[in-house]
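Here is a friendly walk through one structure, with its sheets, loops, ligand shell and pocket taken in turn. Have the sequence and the model open as you read.

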Amino acid sequence: MNTKYLYINTIGCQMNHYDSDQIAAVLRPLEYKVTPLMEMADLVIVNTCAIREKAEQKVFSFLGRLADMKRSKPDLLIGVGGCLAQQEGARIIERMGHVDLVFGTSAISRLPRLIEQIESERCRVVDVDMSEGIDEFDFAGNESDNGKVTRFVTIMQGCDNFCSYCVVPYVRGREVSREPEKIINEIRTLVKAGVREVTLLGQNVNSYGKKEGLLIFSRLLELVNEIDGLLRIRFTTSHPKDLSKDLMFAFKDLAKLCKHIHLPVQSGSNRVLEMMNRKYTRALYLEKVKKLRTLCPEIAITSDIIVGFPGETKYDFEKTLELIKEVRFDGLFAFKYSDRPNATATRLPEKISEQEKKERLKAVLDLQDYYTIQTNEALVGSEEKILVEGYSKKQKVVDLHGGRQDFQWTGRTSTNKIVNFVQNDGGIYGDEIIAGKLVSIRIMKAFPHSLWGEPVKAANIPLGFRGEKAHVA
Ligand code: 5AD
Ligand code: SF4
């Protein structure tokens, strides 16, 4: 069989990135090899997101561009998967005639069959069937991704919460947890392939296993913590209503669990939280933040905020700003509310104007910038353990003062802050490949979205920001 090339464009959250790895893995037996160059592709797959209107627009604009490519390369196959595919089904082909395949969030395991059918019959196929439930894989590591230090592992799919603005329960289905043995085996396989950090994924990891009577999430974390060779564990996302004491204690007790929690609050107003069907109050959220910080003072807390939910008054919005001031998040993702098909908030009157949403979004982001910079600056001078992920993508080569060129490495603190550094004129780690290692870095400078540091070996490292003398290419 001839090798064919597969290009995957992943839009959206970590869950989609995980699914894209699965797509690449299931198509390997069909001799499809992943390429980073779209021009080379025989098959282009777009793994789509439907969470907000903007994500949907992004998908259609990319598909629009693919029409030109197909005109000059008629044999090119185009597949659309993921959440928007699940939501729209055949409507995608009606709107975009050059698309060959639409496959939903539960159809990845059926993908080889679907592609073979299209290749042999040159027909169009839509498969958005969700009746078989969760897609299960015996994940055997992804060869094309060998060398990756950090990977996502899905521990559950779907969601039962039905927040009124959210499309996820409709496009990802009801909540289903994977069996702990499968998760542990998958992580062991990844560790053998060189992975040193995993991020456990689920829409609401706190309710892991409850429905199926499996282990509770904190117990699963304990088992993952015991895996030899794994250095770090992260997870996302936690629903504040289900954040349990056990899980809070895990931050204190489990050595490998990183000291960061993403705890989406969405709004600081009780009235809006109720309309959103979030099932917690502002006071309960603040109480949980306080408990977390008491148990684990260095924990970083990040969150999501939606501005301009239908009926959100200026007073409600003020309550959100106040909450941000009270918590002082380490980082925040903020979004303008957008109507989604099926989500019940779509039917609410009193929509907020685009202009008002824009202004509220800016107010949130400006306020948060202040706290982000403050939390980053507070780290200057401290020594942090960084898990090195590889070379920094943006600024690969740094010209050191001796004229010597060195690579810029990148990694994260336990609290999930990005740290870039060079190897001190070839000192300390020499030319060693340090991706996958935990190294000690003295933080020298804080930027809005990253930190700059220097490797530390012994206690008596001279302070001073050598990077300042460096010219960044
Ligand atoms: N409009 C705006 N933001 C939304 N989110 C989810 N649905 C919507 C919507 N309809 C945001 C929430 C969620 C994050 C992943 O996306 O903040 O936590
Ligand atoms: Fe959507 Fe709410 Fe479920 Fe999160 S918890 S995926 S916001 S319905």
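Helices (H or I, at least four residues) and strands (E, at least two) are DSSP runs, numbered from the N terminus. This is a predicted model, in which local features need pLDDT of at least 70, side-chain atom pairs count only at pLDDT 80 or more, and totals for chains, interfaces and linings use all residues. Residues are numbered from 1 along each chain as its sequence is written, chains are lettered from A and ligands numbered from 1 in the order in which they are written, and side-chain values use heavy atoms, with hydrogens and water left out.

Let's begin with the sheets. Two strands pair if DSSP finds at least two bridges between them. An open sheet is formed by six strands with parallel pairing, in the order β2-β1-β3-β4-β5-β6. Its edge strands, each paired on one side only, are β2 (32–34) and β6 (125–127). On average, neighbouring strands of this sheet are turned by 20 degrees against each other, direction ignored; here axes are lines fitted to C-alpha atoms, and angles run from 0 to 180 degrees between N-to-C directions.

There is also a closed barrel of five strands, β15-β18-β19-β21-β20, with mixed pairing. In the barrel, the twist from one strand to the next averages 50 degrees. Here is one strand pair from each:

| Strands | Sense | Bridges | Example partners |
|---|---|---|---|
| β1 (4–10) and β3 (43–48) | parallel | five | Ile-8 and Ile-45 |
| β15 (383–391) and β20 (438–446) | antiparallel | five | Ile-386 and Val-439 |

Next, two loops with backbone features to look at. Phe-162 sits in the loop between β8 (156–157) and α6 (168–171), and has a positive phi of about 50 degrees although it is not a glycine. Phe-162 is also among the residues around ligand 2, which include Cys-159, Cys-163, Cys-166, His-239 and Arg-278 (a residue counts if one of its heavy atoms lies within 4 Å). The second loop, between β11 (232–236) and α9 (245–253), holds Thr-237; the peptide bond from Thr-236 to Thr-237 is cis, with omega near 5 degrees.

Which residues are closest to the centre of the second largest pocket? They are Arg-232, Lys-259, Lys-385, Ser-414 and Thr-415, out of 15 that line this pocket. A pocket is an open set of points on a 1 Å grid over the protein atoms alone, where a 1.4 Å probe fits, with protein on both sides within 12 Å along at least five of seven lines; lining residues have an atom within 4 Å of a point.
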